[in-house]
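These exercises go with the structure shown below. Try each task before reading its solution.

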Amino acid sequence: MLVRILYQNPHDNSDSDNFYISIPKDWSGASDDEVTVIIDDVCVVVPQTIAGATGELIVLRLLEAMIDGDIIDAGDVQKAVEHIL
């Protein structure tokens, strides 16, 4: 599957073509009327208020959450960044 980018209103789950994930109402981006959902091997939900910002913060928060969730190891992230640089 290629990367899919969906623009949607997180308060409306009436689309019959897609699954919708639960987003906690106390999430800082939940008050936005539109979010960007980026789907590949990982699904990322970006609130519209920060979607136009540079991507560093989004990537760092994603990596931090993945490390905290024991999905990836911090050492692996460091190795990957070293290979990119």
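**Exercises with solutions**

**Exercise 1. A residue in a strand**

Task: State where Tyr 7 lies, decide whether Tyr 7 is buried or exposed, and name the surface patch that Tyr 7 helps to make.

Solution: Tyr 7 lies in strand E1, which covers residues 4–8. The model is predicted, and the accessibility values used here are computed from it. The relative accessibility of Tyr 7 is 58%. The cut-off for exposed is over 50%, so Tyr 7 counts as exposed. Together with Ile 5 and Ile 38, Tyr 7 makes a nonpolar surface patch of about 310 Å².

**Exercise 2. The chain as a whole**

Task: Give the number of helices and strands, their order, and the share of buried residues.

Solution: The protein chain has 3 helices and 3 strands. Along the sequence they follow the pattern β-β-β-α-α-α. Of the 85 residues in the chain, 16% are buried. The chain exposes about 6,800 Å², and 56% of this comes from carbon and sulfur atoms. For contacts between residues at least 6 apart in sequence, 38% join residues at least 24 apart.

**Exercise 3. Confidence**

Task: Find where in the protein chain confidence is lowest and where it is highest.

Solution: Begin with the chain average: the mean pLDDT is 76, and 89% of the residues reach 70 or more. Confidence is lowest in helix H1 (residues 48–51), with a mean of 70. It is highest in helix H3 (residues 74–84), with a mean of 82. Where pLDDT is low, the predicted coordinates should not be read in detail.

**Exercise 4. Helix H2 and what follows**

Task: Compare the span of helix H2 with the expected span, then describe the phi of Asp 70.

Solution: Helix H2 runs over residues 56–68 and has 13 residues. Its first and last C-alpha atoms are 18 Å apart, close to the 18 Å expected at 1.5 Å a residue. H2 is followed by Asp 70, which is found in the loop between H2 and H3. Most residues other than glycine have a negative phi. Asp 70 is not a glycine, yet its phi is positive, at about 55°. Asp 70 has a relative accessible area of 70% and is therefore exposed.

**Exercise 5. A second residue in the loop**

Task: Which residues does Ile 72 contact, leaving aside its neighbours within four places in sequence?

Solution: Ile 72 also has its place in the loop between H2 and H3. Its contacts, with those neighbours left aside, are Leu 63, Met 66, Ile 67 and Val 77. The relative accessible area of Ile 72 is 26%, so Ile 72 is partly exposed.

**Exercise 6. A salt bridge**

Task: Name the partner of Asp 76 in a salt bridge and explain how the two residues are placed in their helix.

Solution: Asp 76 forms a salt bridge with Lys 79. The closest N and O atoms are 3.7 Å apart, and the cut-off is within 4 Å. Asp 76 and Lys 79 both lie in helix H3, 3 residues apart, which is about one turn of the helix. An α-helix has 3.6 residues a turn, so residues three or four places apart point the same way. Asp 76 is partly exposed, at 42% relative accessible area. Lys 79 is partly exposed as well, at 48%.

Technical notes: Residues are numbered from 1 along each chain as its sequence is written. This is a predicted model: local features need pLDDT of at least 70, side-chain atom pairs count only at pLDDT 80 or more; totals for chains, interfaces and linings use all residues. Side-chain values use heavy atoms; hydrogens and water are left out. Helices (H or I, at least four residues) and strands (E, at least two) are DSSP runs, numbered from the N terminus. The expected span of a helix is 1.5 Å times one less than its number of residues. pLDDT is the predictor's confidence in each residue, from 0 to 100. Patches are made of residues with over 30% relative accessible area and no salt bridge: like charges are joined within 9 Å, nonpolar side chains (Val, Leu, Ile, Met, Phe, Trp, Tyr) within 5 Å. Accessible areas come from the Shrake-Rupley method with a 1.4 Å probe; for residues, only the protein chains shown count as cover. A salt bridge is a side-chain nitrogen of Lys or Arg within 4 Å of a carboxyl oxygen of Asp or Glu. Buried means under 20% relative accessible area, exposed over 50%, partly exposed in between (1.4 Å probe, protein chains only). Contact means heavy atoms within 4.5 Å.
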